[in-house]
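Please read the following walk through two regions of a protein model with the sequence and coordinates at hand. It begins with a helix and then turns to a set of strands.

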Amino acid sequence: METAPKLGRDVPPKKNKLQVKRKKPRRYWEQETTPTAAGASPGPPRNKKRNSELRHQRTKNIHSAKKSRLSKKPQVPKKSREWRNPEPPRSLSGAQDPFPGPAPPRVELAHKFCRIDKSKKLPHSKSKTRKRLEVAEAEEEVVSVKAARSELLLAEEPGFLEGEDGENTAKILQADIVEAVDIASAAKHFDLNLRQFGPYRLNYSRTGRHLAFGGRRGHVAALDWVTKKLMCEINVMETVRDIQFLHSEALLAVAQNRWLHIYDNQGIELHCIRRCDRIMQLEFLPFHFLLATASETGFLTYLDVSVGKIVAALNARAGRLDVMTQNPYNAVIHLGHSNGTVSLWSPAMKEPLAKILCHRGGVRAVAVDSTGMHMATSGLDHQLKVFDLRGTFQPLSARTLPQGAGHLAFSQRGLLAAGMGDVVNVWAGQGKASPPSLEQPYLTHRLSGHVHGLQFCPFEDVLGVGHSGGITSMLVPGAAEPNFDGLESNPYRSRKQRQEWEVKALLEKVPAELICLDPRALAEVDAISLEQEKKERIERLGYDPGAKSPFQPKPKQKGRSSTASLVKRKRKVMDEEHRNKVRQSLEQQPQKQKAKPTGVCPSALDRFVH
């Protein structure tokens, strides 16, 4: 009869875990193998003495780890040398990369995208402020390097029109340009014959994909001018003086004879703003969501289209306002007046930021380039002038035209277009940031009617002209930026992408109070005002509160370092210091001793004599 094994006697002994655990086979590329005897398996020779030393060292590390848990200060393990100085990665063939890491960009490109001036240092700045500035400078440097590297991905280059030896490009006709370009570019040149409702004003959307135009006799239409697909077409049965797209092509502002009306892209009237009456000109500030209107009564009104509230209504005190444009760089509104001056306005100020005397007669047209450096004006004295807006406001060049220019427009790359009667002239410069040269025109085109509106299409070499005979789309090579930012102005975006962009733009809306002549001043510290406020505070208090570091009480035991007790001790020391300083200031002041008259008996009525 079989009996069950007794506990502790017949049970077979357990095998050692080290013996049961099988070693992981070592690959031939992980570590070099030592030569072994014939028939032996490859691998390092077994050394019992070495294994015992490693086991002994491992137990020491375990004991030291247990002791470190009981110690007050935690012991940070030291990093190995392999982690500190990692070896350069090798390829499969074993060769090293002779140029490891990303390629360094050129200094000129990195400096082009840098927006922080490191030469300006904040005087007497605290250590915390200095560290924040250093972190901001480091982040700006990284961003500028990334932008310089990504510029290599911009494959498109701006075009230009170049004639043969001695050939004047102004004599090249639009028909010749259409024959020379490809089919897609030739389709961008067209004429809309709309003599029944002219003259016309026009406006392109920010993406450059949609075109809106309005006739003086009430005709309003919007279309995708690339595919020629009509979005809406209505007749408001009222005089239309100007038309403007808002932040997207879905909303349209129309300055009619009496009031300002807002329509959608289906031609449905959404709003009628009666506080903006008799509007002559419209300008939309995209980063502030502000619609600026210039009225016949002489008022400049700013309307916040995101909330439907009028931010400011400024009286220019210069009569009828029919000449207006915006500076795309700083969102300042430029108004032309009949006395030959151009005034610069911001909704945060009730008075103009600056006034520039430009012409001897009235100002007919004003335009500012995309960099905000140059302003072009034309007046009744038949003069066309280009001014420098970088603080000097001095004319850089001037030209007398046989017929004064009634309309001006700058392109994204600095080309200047002027409408004179039924002729449109285009002048070109050396580059984007250089002023246009007024000596010889770059292109000339004659229309079928008098010019009533001009605007260059964004991201397309196209100039839209509204005249008494309809709409004309001209081809102007080299006028626009060849590459666009897909996250900011994407001509090919879908409806869902447009809605997401609207939400992001509303979250990043710039307040109207920040509009000023130099937007870079918002990121700087006004050291002069800071010192003045510090002096006034010292005079008001009688002592300098920042001269001595604040008192920090030492921690005590047995619950005497609670928050209330610490605050009480701080307050006690501050009050004592304040009493001492006030006492010293009173002692320094000369004491006024009242002189008492001698020989006269004091009376109770002497107190009423003073």
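In which helix does Glu536 lie? The model is a predicted one, and in it Glu536 belongs to helix H9, which covers residues 527–541. The relative accessible area of Glu536 is 42%. Because buried means under 20% and exposed means over 50%, Glu536 counts as partly exposed. Glu536 is also one member of a surface patch of negative charge, where it gathers with Asp526, Glu533 and Glu539.

The second region is built around strand E15, residues 333–336. On one side, E15 pairs with strand E14 (residues 324–326); the two run antiparallel and are joined by three bridges. Within this pairing, Met324 has Leu335 as its bridge partner. Six residues separate E14 from E15 in a hairpin, and Ala331 in the turn has a positive phi of about 65 degrees.

E15 also pairs with strand E16 (residues 341–345), again in the antiparallel sense, over four bridges. Here the bridge partner of His334 is Leu344. This pair forms a hairpin too, with four residues between the strands. Gly340 in that turn has a positive phi of about 90 degrees.

Are the faces of strand E15 covered or open? Side chains in a regular strand alternate between the two faces of the sheet. In E15, Ile333 and Leu335 are on one side, and His334 and Gly336 are on the other. These four residues are all buried, so both faces of E15 are covered.

Key
Residues numbered from 1 in each chain as written. Predicted model: local features only at pLDDT ≥ 70, side-chain atom pairs only at ≥ 80, totals over all residues. Heavy atoms only, no water. Patch = residues over 30% accessible without salt bridge, like charges linked within 9 Å, V, L, I, M, F, W, Y side chains within 5 Å. Areas by Shrake-Rupley, 256 points an atom, 1.4 Å probe, with all protein chains shown as cover. Salt bridge = Lys/Arg side-chain N within 4 Å of Asp/Glu carboxyl O. Lys, Arg positive; Asp, Glu negative; His and termini not counted. Charge placed at Lys NZ, Arg CZ, Asp CG, Glu CD. Buried < 20%, exposed > 50% of the residue type's maximum accessible area, 1.4 Å probe, protein only. Pairing = 2+ DSSP bridges.
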